[in-house]
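Student: I have a protein model open and I don't know where to start. Can we go through it together?

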Amino acid sequence: MHDEWWKRAVFYQIYPMSFRDADGDGVGDIPGIVEKLDYLAALGVNAIWLCPVYRSPNDDNGYDISDYRDVNPVYGTMADMERLLAEVHKRGMRLIMDLVVNHTSDEHPWFVESRKSRDNPYRDYYIWRDGKDGKTPNNWNSRFSGSAWEFDDETDQYYLHLFSKKQPDLNWENPKVREEVHALMRFWLDKGVDGFRMDVINMISKTPGLPDDATSTATVGAPYYTNGPRVHEFIAGIRAAVLAGTDCVTVGEAKGVNTDGALLYAGAGRKELDMMFQFELDGLDIGKGGKWDVRKFLLSDFKRVMSRWQTALHGKAWNSLYLENHDMPRALSRFGDDGGYRERSAKALAVLLFTMEGTPFIYQGQELGMSNPRFPDITHYRDIQTINMHRDYKNNRGATEDEILRKLHYRSRDNARTPMQWTAGKNAGFTAGTPWMDVNPNHATINAEAQTASEDSVLHAYRRLAVLRREHEVLLAGDFTEHFPDDERLYAYTRTLGKERAYILLNFSGDEVPARFPESAPQSTLRLIYSNAEGEGAVLQPWEARVYAGV
Ligand code: GLC
């Protein structure tokens with residue numbers, strides 16, 4: 001059971017711009033990734049999700065692609081990419097690419113043609129509409145602030161862009177667009193990639209007529225392009241045309257999908273996707289006003305989401321497990337304690353990641369306990385969503401610089417995009433040049449070199465947990481039962497597989513908390529197989545995490 005390679009894999013997400021710069025231009029690159037493959041292998045990683053490295057003007061750091069069949073020169077050449085794939089495979093590892101096909105760059109030749117005239121053969125590759133009463137075709141908002149429509153003088157029409165205006169949305173209703181996507185996927189499969197992480201894949205089908213949205217307050221329009229009417233048909237089409245008969249994996253990014261929805265996208269036998277990235281966890285600290293409306297949440301809410309995904313998908317679909325990525329704050333700063341209990345809480349989060357059912361995804365630097373940088377002012381930020389938000393909050397919402405910064409310190413995507421911290425030296429060993437974004441000053445103490453040398457480090461905890469998961473089948477495939485769901489400090493659950501049992505006890509607080517054991521798993525029947533603290537007392541230390549196996 002569960003023999004698919006990707007169920008047994010530990011994934012590592014690389015954001016190439018910030019991973020390792022080998023040529024000293026201040027921007028990470030593909031040769032830099034090759035340099036660090038042995039570091040990843042030692043960590044226990046056996047699959048990589050590589051964020052976009054295609055040719056792109058980098059308006060949204062590569063999520064705006066101008067040539068799907070070429071590599072951005074800032075990252076290297078196609079030969080570098082081929083070498084990366086060969087080196088990955090030589091180590092028995094796999095690599096999946098980011099597939100960004102909800103939109104292209106406005107500099108993609110399809111769009112350059114499309115905007116030339118209303119009867120251009122590429123016109124229908126994108127979504128063009130007339131304005132209404134001198135206004136935009138509908139009231140939808142871009143996810144990067146402002147309207148989702150941009151007027152183009154050339155042909156007197158608007159085009160739709162759910163993200164930046166340099167990211168026009170493709171028209172998936174057009175069969176030619178679908179064929180183009182299939183062809184570019186085949187191009188990369190022929191190069192040897194092992195699958196795709198599919199960017200905003202549940203947004204590719206728009207409701208016909210593109211109606212005004214009278215219901216949303218935060219992301220106006222979202223109900224009309226999220227999980228749209230033909231999305232399953234389009235995804236099944238990709239599977240049938242491109243992926244059938246391969247052992248490639250697909251992971252869909254899917255905001256606005258609950259567990260029922262996930263069973264439709266990734267249910268075993270549905271022939272659509274293999275896994276989904278769920279956003280319910282990400283939604284916990286987001287208020288009614290949307291992404292920038294930060295709200296507090298209780299541990300019981302966190303547990304409810306995690307546990308629901310565990311039980312609802314068990315036996316029916318396979319979870320992806322992640323706590324951070326390039327669009328989110330650092331998990332340590334968000335769910336852990338990046339102050340006094342930095343190391344212990346980072347390890348506790350690692351325990352969570354490796355002891356649930358599903359495939360763990362580590363985001364670069366998470367294995368070191370990297371944290372949000374909390375830059376002193378807007379000039380240090382680079383992300384287009386952040387910069388647009390700053391402008392919008394300042395000009396249109398009367399927010400003060402302090403109010404904006406407080407939101408950015410918590411939520412900006414740049415929190416996760418500071419350069420990887422390799423050493424305590426200059427620029428954290430990321431680059432010999434000037435880094436495209438400032439490194440977090442805490443690299444003096446938090447870096448891979450120091451943590452490789454110290455058996456006690458967060459890095460070593462990740463290594464050990466990756467091994468533990470391989471040694472105990474129950475951690476991979478056991479079913480999941482939560483205990484003490486109302487406890488606001490402990491997260492406790494049992495995993496069971498036939499006669500094998502594991503009990504996981506996590507103190508998610510800065511308090512000392514009595515260790516609790518359910519009736520079904522008394523302490524006398526358990527043996528400690530991992531802990532992030534000394535001893536095995538009756539009281540858990542702050543952020544103490546224990547993994548027990550049944551005896
Ligand atoms: C996804 C990516 C994000 C990007 C957006 C538009 O959410 O993860 O980084 O900005 O799609 O492509």
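Tutor: We'll take a sheet, then a serine, then the ligand. One thing up front: this is a predicted model.

Student: OK, the sheet. What is the strand order in the open sheet of 5 strands?

Tutor: The order is β14-β15-β16-β20-β18, and the pairing is antiparallel.

Student: Which strands stand at the edges?

Tutor: β14, residues 479-483, and β18, residues 526-531. Each has a single partner strand, so one side of each has no neighbour in the sheet.

Student: How are neighbouring strands turned against each other?

Tutor: By 25° on average, ignoring direction.

Student: Let me zoom in on one pair. How many bridges join β14 to β15?

Tutor: There are 5 bridges, and the two strands run antiparallel. β15 covers residues 490-497. Look for H483: its bridge partner in β15 is A492.

Student: What holds strands together in general?

Tutor: Strands of a sheet pair through backbone hydrogen bonds, either parallel or antiparallel.

Student: And which strands does helix α9 touch?

Tutor: Helix α9, residues 299-313, packs on the sheet and touches β14 and β15. Its direction makes about 15° with that of β15.

Student: What about helix α15?

Tutor: Helix α15, residues 458-471, also packs on the sheet. It touches β18 and β20, and its direction makes about 140° with that of β18.

Student: New topic. Where does S164 lie?

Tutor: S164 is in the loop between β8 (157-160) and α5 (175-191).

Student: Is it buried or exposed?

Tutor: S164 counts as buried, because its relative accessibility is 4% and the cut-off for buried is under 20%.

Student: What does its side chain reach?

Tutor: The S164 side chain reaches the backbone nitrogen of K166, at 2.9 Å. Leaving out residues up to four places away in sequence, S164 touches D59, F144 and I384.

Student: Now the ligand. How many residues surround it?

Tutor: There are 13. The closest are D60, D199, E253, H326 and D327.

Student: How far is the side chain of D60 from a ligand oxygen?

Tutor: An N or O atom in the D60 side chain is 2.5 Å from an oxygen atom of the ligand. For D327, a polar side-chain atom lies 2.5 Å from a ligand oxygen. For R413, the distance from a polar side-chain atom to a ligand oxygen is 2.9 Å.

Student: And how much of the ligand's accessible area does the protein cover?

Tutor: The protein covers 96% of the 310 Å² that the ligand has on its own.

Key
Residues numbered from 1 in each chain as written. Predicted model: local features only at pLDDT ≥ 70, side-chain atom pairs only at ≥ 80, totals over all residues. Heavy atoms only, no water. Pairing = 2+ DSSP bridges. Helix = DSSP H or I, 4+ residues; strand = E, 2+ residues; numbered from the N terminus. Axes fitted to C-alpha atoms, helices over the stretch in contact; angles between N-to-C directions. Contact = heavy atoms within 4.5 Å. Buried < 20%, exposed > 50% of the residue type's maximum accessible area, 1.4 Å probe, protein only. Polar contact = N/O pair within 3.5 Å; in protein donor to acceptor, adjacent residues only side chain to side chain. Near = heavy atom within 4 Å. Areas by Shrake-Rupley, 256 points an atom, 1.4 Å probe, with all protein chains shown as cover.
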